[in-house]
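Reader: I'd like to go through how some labels on this model were reached. Could you take me through the reasoning, step by step?

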Amino acid sequence: MNRHFISAGRGIAVEDTGNGHRIHYTGPLETSCTYRGYFLLRSDPESDTPRIAVTDGRFAALDDAAESPAGHAVINGHALSLPAAWFSPPEGFGYVYCDFSMDPETGGIEAEYRLADEIPVPESFHLKILLGICRRDGKRLTLYQQQHGMIYGFIFLFCKDPAQELLSF
């Protein structure tokens, strides 16, 4: 039988299984978030109780991030800068999202961060963008980043009778 020699680099293991080779990583797993952009969810290490900060991830210090927008959005052609924000999550799972709302009379757009215990549901005159999911267990806080980068979107209206709405154009 012709055997080939297989070598691997640092942190890589090669096992002979008899039917082939299994190659896998043996080094330490990266457990921290490597995303460093707009709307980064991170825990506030200075707080006695778990707190979530929504910030621009380019800033290492939360104090620096507090002075800058957490991110930018373009909704229905309106450019918005959203400030940094902090939340104290309840026990269990929570959903951090940005709720963009449109004034039906003026077409103006406003934005507000929200923390809810359920995934946000669609509604007229609103666009809800999930930024991340949090899980609090006592003093332990785990964050799962969902949104990466600048937010672009459109607010559409729900029609009661789509055929009638099409005729109104």
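**From values to labels**

Author: Happily! Phe39 sits in the loop between β2 (21-25) and β3 (40-43). Please keep in mind that this is a predicted model.

Reader: Why is Phe39 called buried?

Author: Its relative accessible area is 0%. Buried means under 20%, so Phe39 meets that label. Phe39 also has a positive phi of about 60 degrees, although it is not a glycine.

Reader: What makes Asn76 partly exposed?

Author: Asn76 has a relative accessible area of 25%. The partly exposed class lies between the buried cut-off of under 20% and the exposed cut-off of over 50%, so Asn76 belongs there. Its place is the loop between β5 and β6 (78-83), and its phi, near 50 degrees, is positive in a residue other than glycine.

Reader: And how do you know that Glu67 counts as exposed?

Author: Exposed means over 50%, and Glu67 has 69% relative accessibility, so the label applies. Glu67 is in the loop between α1 (62-66) and β5 (69-75).

Reader: Which residues gather with Glu67 in a patch of negative charge?

Author: Glu46, Asp63 and Asp64 join Glu67 in that surface patch.

Reader: What makes β10 and β11 a pair of strands?

Author: Pairing needs at least two bridges, and six join β10 (residues 126-137) to β11 (residues 140-145), so they count as paired. The two strands run antiparallel. One of the partnerships links Gly132 to Gln145 in β11. Their hairpin has two residues between the strands, and Gly138 there takes a positive phi near 70 degrees.

Methods. Residues numbered from 1 in each chain as written. Predicted model: local features only at pLDDT ≥ 70, side-chain atom pairs only at ≥ 80, totals over all residues. Heavy atoms only, no water. Patch = residues over 30% accessible without salt bridge, like charges linked within 9 Å, V, L, I, M, F, W, Y side chains within 5 Å. Areas by Shrake-Rupley, 256 points an atom, 1.4 Å probe, with all protein chains shown as cover. Salt bridge = Lys/Arg side-chain N within 4 Å of Asp/Glu carboxyl O. Lys, Arg positive; Asp, Glu negative; His and termini not counted. Charge placed at Lys NZ, Arg CZ, Asp CG, Glu CD. Helix = DSSP H or I, 4+ residues; strand = E, 2+ residues; numbered from the N terminus. Buried < 20%, exposed > 50% of the residue type's maximum accessible area, 1.4 Å probe, protein only.
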